[in-house]
Structure formats: C-alpha cells, structure tokens
Amino acid sequence: MTEEIIDSSERRLYNWRELWRYRELFYFFTWRDVKLRYKQTVLGFAWALLQPLVMMTIFTFFFGKALNIPSQSIPYPVYVLSGLVIWNFFSTGLTGAAQSMVGNAPIINKIYFPRLVIPVSAVLVSLFDFVIAFVLLIVMLVWYQVPVGITALLYWPLAVVAVVVATMGLGCGLAALNIKYRDIRYVIPFMVQILFFLTPVIYPMSMIKYPVLKYILVLSPAYAPVELFRIPLTGVMPDITLVSMSLISGLVFLIVGILYFRNTEDYFADYA
C-alpha cells in the first residue's frame with residue numbers, strides 16, 4: 001500500500017493533470033446535483049422551461065408594453081428570452097457553485113479528491129438547464145419567425161464559453177469564501193440581483209446615455225456573453241471595446257477565483 005503526501009506548497013498552480021485523473025467525478029457530482037434539484041417535483045425538468053418562460057412573460061408585459069423598451073428590431077419576448085437564457089446560466093451556476101463546498105462538507109471531511117471538481121460540477125448543472133431553456137428559445141424563434149444568421153455558429157458557442165468562464169471564476173472564489181465566512185450566503189442573492197439590473201438582459205446598452213456608466217456596467221462578466229449571444233438574432237454588433245472589457249473582466253475573475261480557491265483549499269476540511 002503506497003502513501004501519497006499532498007503538499008500544496010510544492011505546487012502553486014493548480015494540478016490539472018490530477019484534475020484529469022478524477023474526471024469521472026465531474027459526471028458523478030453533476031448528475032447527482034441534477035437529480036437532487038428536480039427530485040420529488042411534479043414538473044421535473046419542466047421547471048427549467050417554466051422559469052424563463054414566466055420571467056419572459058412578466059418582463060414583456062411590464063417593460064416591453066408598458067415602458068416600450070426598444071429591442072433592436074426583434075420582438076421583445078425573443079429579445080428578453082435570449083438574454084434570460086444566458087443570464088440564468090450565470091446566476092444559477094454562480095449561486096450553486098458558491099454554495100457547493102458547504103453543501104458537500106461531509107464528503108470533504110472524509111476523502112481526498114481535487115476540490116475544484118465540486119464548484120465546477122455546480123456550473124455544469126447550469127449547463128444542463130441552459131440546454132433545456134435553449135430549446136424553448138428555438139421554439140420562440142420559430143413562432144415569431146425571427147431569422148438567425150449563420151454567425152450563430154460562431155457567436156453562440158463563444159457566448160457559452162464566455163459565460164462558463166465568468167461563472168466558474170466568480171463561483172470558485174465565492175465557494176472558497178463561503179466555506180470560511182458563512183455571511184457570503186446572504187450576500188450572494190443581493191449581488192445576483194444587482195448584477196441582473198447592471199447587465200443588459202431586459203434593455204439594450206444603447207439606452208445608457210452616459211459613457212462613463214457604460215464602462216462601469218461592462219465590468220460585469222455577464223455582459224459580453226449576453227451581447228455575443230444576441231448578435232445572430234439582432235444583427236447588431238456591440239461596441240468591441242465594451243465587449244472586450246467584459247471578456248477581460250471574466251478572465252480576471254477566473255484566474256483570481258481559481259488561485260484563491262487553490263491557495264485556501266487545504267483548510268476546507270477544517271472549516272466545513
């Protein structure tokens with residue numbers, strides 16, 4: 001029987017080879033969380049369709065009709081749903097990842113495996129919901145006869161990659177903070193709500209008249225994925241500078257989040 005000594009001081013960057021060896025755990029944790037999310041529910045996976053559908057209806061009535069918010073030449077319900085599909089990925093993935101380490105405390109205390117598997121798997125659960133909601137978006141596009149440009153083959157995968165990066169970075173950082181400072185669980189809902197209104201999900205960025213405010217808003221890592229995802233639908237190219245700033249913001253959050261997670265994971269068992 002061999003004994004393996006794990007010393008984080010010997011490797012400051014994350015051990016990606018070790019993470020690959022435990023790749024089957026991604027499937028295990030992801031599918032387990034998917035089943036737990038919809039366990040003992042009447043509608044089951046239909047909740048992944050119902051939530052964006054209800055929110056789309058509410059925003060269409062109050063913002064699209066009452067306030068007459070512009071929607072870049074496409075029907076407002078499609079405009080809102082295209083933003084919600086990406087936003088729900090970000091918000092549910094961020095919330096799930098932030099709470100994942102606390103929720104898996106019994107496992108952390110018993111066996112060793114790369115802890116990064118847990119928050120990343122929580123993000124992958126949101127990817128499952130995204131695929132279901134994406135089907136609803138396709139139905140809406142057909143219903144409203146909205147043409148989709150060939151650029152969707154480029155921008156839709158790019159938007160998904162961008163939102164995964166943004167969600168994973170913030171999620172890993174908050175997961176590490178939450179296991180030590182349990183106040184984080186109360187901060188997350190407020191932070192998500194604030195980010196929702198700072199991200200152009202239900203309104204176009206063209207409504208913002210102050211350039212300085214635009215530069216502040218695009219620091220949200222969710223801005224670029226939403227804008228990239230809408231390009232094939234609206235045919236409107238966003239400001240490349242603003243999109244680049246948001247993409248850089250997401251990349252910075254990813255690096256900082258994973259590094260902080262890596263440098264604190266040795267103490268997770270003590271705080272869990």
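## A salt bridge between neighbours

R32 counts as partly exposed, since its relative accessibility is 21%, and this residue is a good place to begin reading the model, which is a predicted one. R32 forms a salt bridge with D33, and the closest N and O atoms of the two residues are 2.9 Å apart. D33 has a relative accessible area of 19% and is therefore buried.

The two values fall on either side of a cut-off, because a residue is called buried when its relative accessible area is under 20%. With 19%, D33 is placed among the buried residues, whereas R32, with 21%, is placed among the partly exposed ones. The count of salt bridges in the model comes to one.

## The overall fold

The protein is built with twelve helices and zero strands, and reading along the sequence therefore gives the pattern α-α-α-α-α-α-α-α-α-α-α-α. The radius of gyration is 20 Å, which is close to the 19 Å that the globule rule gives for 272 residues, so the protein is as compact as a globular protein of that length. Along the principal axes, the C-alpha trace spans about 65 × 45 × 35 Å.

Of the 272 residues, 48% count as buried. The surface that the protein exposes comes to about 14,500 Å², and carbon and sulfur atoms supply 69% of this area. The contacts also show how the chain folds back on itself: among those between residues at least 6 apart in sequence, 80% join residues that are at least 24 apart.

## Two nonpolar cores

Which residues touch the most other members of the largest nonpolar core? In this core of 58 residues, they are W87, F90 and I202. Several helices each supply at least two residues of the core, namely helix 3 (47-65), helix 4 (76-103), helix 6 (117-143), helix 7 (152-180), helix 8 (184-198), helix 10 (223-234) and helix 11 (240-264). The largest share, 14 residues, comes from helix 4.

When residues up to four places away in sequence are not counted, W87 touches V192, L195, F196, T199, V201 and A222. Apart from this largest core there is a second, separate core of 19 residues, and F26, F29, M101 and L116 are included in it.

## Two buried positions in helices 4 and 7

V85 lies in helix 4 and is buried, with a relative accessible area of 2%. Leaving out residues up to four places away in sequence, V85 touches F130, A133 and L137. One of these partners, L137, is 52 residues from V85 in sequence, and yet the C-alpha atoms of the two are 7.9 Å apart in space.

T167 lies in helix 7, and its relative accessibility of 0% means that T167 counts as buried. With residues up to four places away in sequence again left out, T167 touches F89, F90, G93, L94 and V123. T167 and A222 are 55 residues apart along the chain, while their C-alpha atoms are separated by 8.3 Å.

## Buried polar side chains

N178 is also found in helix 7, and at 2% relative accessibility N178 counts as buried. How far is the backbone nitrogen of R185 from a polar atom of the side chain of N178? The distance between these two atoms is 3.5 Å. The residues that N178 touches, not counting those up to four places away in sequence, are A98, Q99, V102, I184 and R185, so R185 appears both in this contact list and in the polar pairing with the side chain of N178.

S71 offers a second case, this time in the loop between helix 3 and helix 4. Is S71 buried or exposed? S71 is buried, with a relative accessible area of 13%. A polar atom of the S71 side chain lies 2.5 Å from the backbone oxygen of I74. Beyond the neighbours within four places in sequence, S71 is in contact with Y76 and Y79.

Technical notes
Residues numbered from 1 in each chain as written. Predicted model: local features only at pLDDT ≥ 70, side-chain atom pairs only at ≥ 80, totals over all residues. Heavy atoms only, no water. Core = buried A, V, L, I, M, F, W, Y, C linked by side-chain atoms within 4.5 Å. Buried < 20%, exposed > 50% of the residue type's maximum accessible area, 1.4 Å probe, protein only. Helix = DSSP H or I, 4+ residues; strand = E, 2+ residues; numbered from the N terminus. Contact = heavy atoms within 4.5 Å. Polar contact = N/O pair within 3.5 Å; in protein donor to acceptor, adjacent residues only side chain to side chain. Rg over C-alpha atoms; globule rule 2.2 N^0.38 Å. Areas by Shrake-Rupley, 256 points an atom, 1.4 Å probe, with all protein chains shown as cover. Salt bridge = Lys/Arg side-chain N within 4 Å of Asp/Glu carboxyl O.
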